[in-house]
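User: Pick one part of this model and give me a close look at how it sits against the rest. Then tell me how it fits into the chain as a whole.

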Amino acid sequence: MAQNIAPETTVNPSPSKNNSERAVSGRDSHSVTKRLQHELMTLMMSSDKGISAFPEGDNLFKWIGTLTGPVSTAYEGLTYRLSLEFPSSYPYSPPTVKFVSACFHPNVDLHGNICLDILKEKWSASYDVRSILLSIQSLLGEPNNDSPLNGHAAELWANQVAYKKHLHEHYKKVNGDGDSK
């Protein structure tokens with residue numbers, strides 16, 4: 001049976017415990033920083049077409065990614081920006097990845113949230129920024145219509161001519177004429 005204790009009688013944890021916890025946290029942060037620096041170098045050296053990502057300013061835990069639509073899909077010729085935010089528990093927890101550019105897609109909602117299993121329950125510490133961007137780029141041309149976040153896009157997907165027409169009109173309207181074909 002629990003007892004109520006007056007707040008003034010609660011005992012603060014020992015200062016040495018707080019210091020050791022901070023030291024462990026500092027080591028964890030350092031290992032995440034090293035991992036992200038390594039991933040940045042790997043991404044910069046890769047020859048993957050249509051994907052890139054860099055830290056936003058000096059913050060290694062917030063990146064801006066860019067990807068182009070895959071060739072031979074309705075997204076060919078379109079360019080999208082994404083935000084990637086890495087938790088202090090990365091790579092054991094997935095980053096939060098969202099479209100910054102408006103993206104009309106069955107697995108992307110109006111706020112840029114992405115329904116992709118590797119960013120949720122299928123996350124593995126073996127994934128990196130490169131594999132995330134390649135997966136999202138692939139998702140553009142191969143959506144999972146069984147789990148849509150955008151019902152209208154999912155319905156239109158079956159008719160690729162109508163889908164592409166709507167997609168490009170939407171892209172031009174919200175992102176400017178830019179790279180749209």
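Analyst: Let's start on the outside of helix 4, where Val161, Lys165 and Lys173 are exposed, on the side away from its buried residues. "Exposed" here is over 50% relative accessible area, "buried" is under 20%, and "partly exposed" is in between (1.4 Å probe, protein chains only). Before going further: this is a predicted model, where local features need pLDDT of at least 70 and side-chain atom pairs count only at pLDDT 80 or more, while totals for chains, interfaces and linings use all residues. Residues are numbered from 1 along each chain as its sequence is written, and side-chain values use heavy atoms, with hydrogens and water left out.

Now turn the helix around. Tyr163, Leu167, His168 and Tyr171 are the buried residues of helix 4. Looking down the axis, these buried residues fall within an arc of 125°, so they line one face of the helix. (That arc is taken from the directions from the helix axis to the C-beta atoms.) The general rule behind such a pattern is that an α-helix has 3.6 residues a turn, so residues three or four places apart point the same way. As for what sits on top, the cover over the buried residues of helix 4 includes strand 3 (79-85) and helix 3 (151-156), with contact meaning heavy atoms within 4.5 Å.

How far does helix 4 reach from its first C-alpha to its last? Its 16 residues, 160-175, span 21 Å, close to the 22 Å expected at 1.5 Å a residue; the expected figure is 1.5 Å times one less than the number of residues. Right after helix 4 comes glycine 176, with a positive phi near 85°.

Stepping back, the chain has four helices and four strands, counted as DSSP runs numbered from the N terminus (helices are H or I, at least four residues; strands are E, at least two). From the N terminus on, the order of elements is α-β-β-β-β-α-α-α. Of the chain's 181 residues, 34% count as buried. Among contacts in the chain with a separation of 6 or more, 54% come from residues 24 or more positions apart. On the surface, the chain exposes about 10900 Å², and carbon and sulfur atoms supply 52% of that; those areas come from the Shrake-Rupley method with a 1.4 Å probe, and for residues only the protein chains shown count as cover.
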